[in-house]
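Good morning, colleagues. I should like to present a structure that is new to this group, taking a few of its elements in turn. Please look at the display.

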Amino acid sequence: MTIEIKDVCKSFDGQQVLKGFNLNIESEHSYILTGPSGCGKTTLLRLILGLDKPDSGTVKLLGDYKYPFINSGMVFQEDRLCDNLDAVTNVTMVSKKVFRETVIEELQKLLPKELIFKQVKELSGGEKRRVAIVRACAVPSDILIMDEPFTGLDDSTRKIAIDYIRDKQGSGPLVITTHDTKGLEFGRIVRF
Amino acid sequence: MGEKNAPVGRILRTVIPVAAWILIWQLLAIIVQNRIILAGPYDTLSALIVLVRTEVFWSSVSATSVRILTGFFAGSVIGIALGCLAFKKAFIGDFLKPFVSALKSVPVASFVILLLIWFGSRNISVIICSMVVFPILYLSTIEGLKATDYRLLEMAHVFRMPISRQIRYIYVPQLMPFFRSAFKLAIGMSFKSGIAAEVIGQPLNTIGNGLYLSKVYLETGELFAWTIVVVLISFICEKIISLILKLF
């Protein structure tokens, strides 16, 4: 699968965020999008997901991809978890193909066991982030897209999270936005 | 120690004001000294005891309750369903807007008289309750859906979350606070409007009919007794609905 981003321009309220942006996102490759806040990283992810449309240019899905939309696992910039539900339910709820036993096992790779049955609102920012990472990786997907997935994680948990994501990447591409590229040198760094 | 006394304190906070108001009521009855103008708590209780021993009382209570609750459920289901449709399709909302505004502002008595002409008195409280409950649930559903976190909906869209799961995990939790207050208001309004419809429409063996006869025979004690019965049924129904809603 290849996603071709060609001459993409996007502006909000008269302010140009992306200008003539080009990138080919290919299977089995990782892309680390980095740059200052407001440079268009999140905007680009939204364009890839089809949540926004470019003002000009194209975002195309090339190859023999059989679905009309990209099947993606996503970590949003905000956690977008249901606060009153526990971590396990937050992950299992998104798809029928995600099984409870597997999710419990997966969550324990990133979180202490005693936290995974707590309501998400009781978790810290970093803990919520890890739940969001497991959710993105648990869903069968053709691409993993992660918007600032390591916010609130200390160095050791960040490393564990990176290893976890790489392990779950599979054959699809991985796109991560971040301010800090430390530990992400395995991917192609795209500076904005 | 303080925690152990908390339930007792809660009960006292309810019982003491009620007892105080009964005392004020009794004092007023003593001052007025006219059972037709103001029956005291003792007269009301005596009338209630006499009433509950009659067969008519129980048939009236059951007939009125069944009709009002049927109207309440019908109005709720229609209100929620049309609220969802109006949220999804703006033209349905626009189409229903004048009808809902009319239902909200036209006096119940006007509808009752019109419905008496059209359908007779037998099931008038069912229709009136539905008409009173419908706009409350309809508007609450729309408000609740509008307040649903768009970020969660976008997440559901990205993950291709099935609609049944979206309803269960995103919409229902967001709608519940709106439904709690709406159902509480609706059940109270149902009994108020349903009984009013029965008083005007006069279907036999109903609480409304009992209230009307109390008025005709100037039995103020009995009138108060019926009123207390209505308040009690409404209170019990409200508690049952609250318990059901807590399951979600």
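I begin with one side of helix α2(B): Tyr42(B), Ile49(B) and Val52(B) are exposed there, where exposed denotes 12 or fewer other C-beta atoms within 10 Å of a residue's own, buried 20 or more, and partly exposed the range in between, with C-beta atoms placed from the backbone. On the other side are the buried residues Thr44(B), Ala47(B) and Leu51(B). These cover an arc of only 65 degrees around the axis, which puts them on the same side of α2(B); the arc is that of the directions from the helix axis to the C-beta atoms. Their cover includes α3 (55–88) and α10 (220–246) of chain B.

A word on conventions. This is a predicted model, in which local features need pLDDT of at least 70 and side-chain atom pairs count only at pLDDT 80 or more, while totals for chains, interfaces and linings use all residues. Residues are numbered from 1 along each chain as its sequence is written, with chains lettered from A and ligands numbered from 1 in the order in which they are written. Helices (H or I, at least four residues) and strands (E, at least two) are DSSP runs, numbered from the N terminus.

Next, chain A. An open sheet of three strands runs in the order β2-β1-β4, with antiparallel pairing; strands pair if DSSP finds at least two bridges between them. Strands β2 (15–26) and β4 (56–62) of chain A stand at the edges, each with a single partner strand, so one side of each has no neighbour in the sheet. Between β1 (residues 2–12) of chain A and β2(A) there are eight bridges.

Conventions. Contact = placed C-beta atoms within 7 Å.
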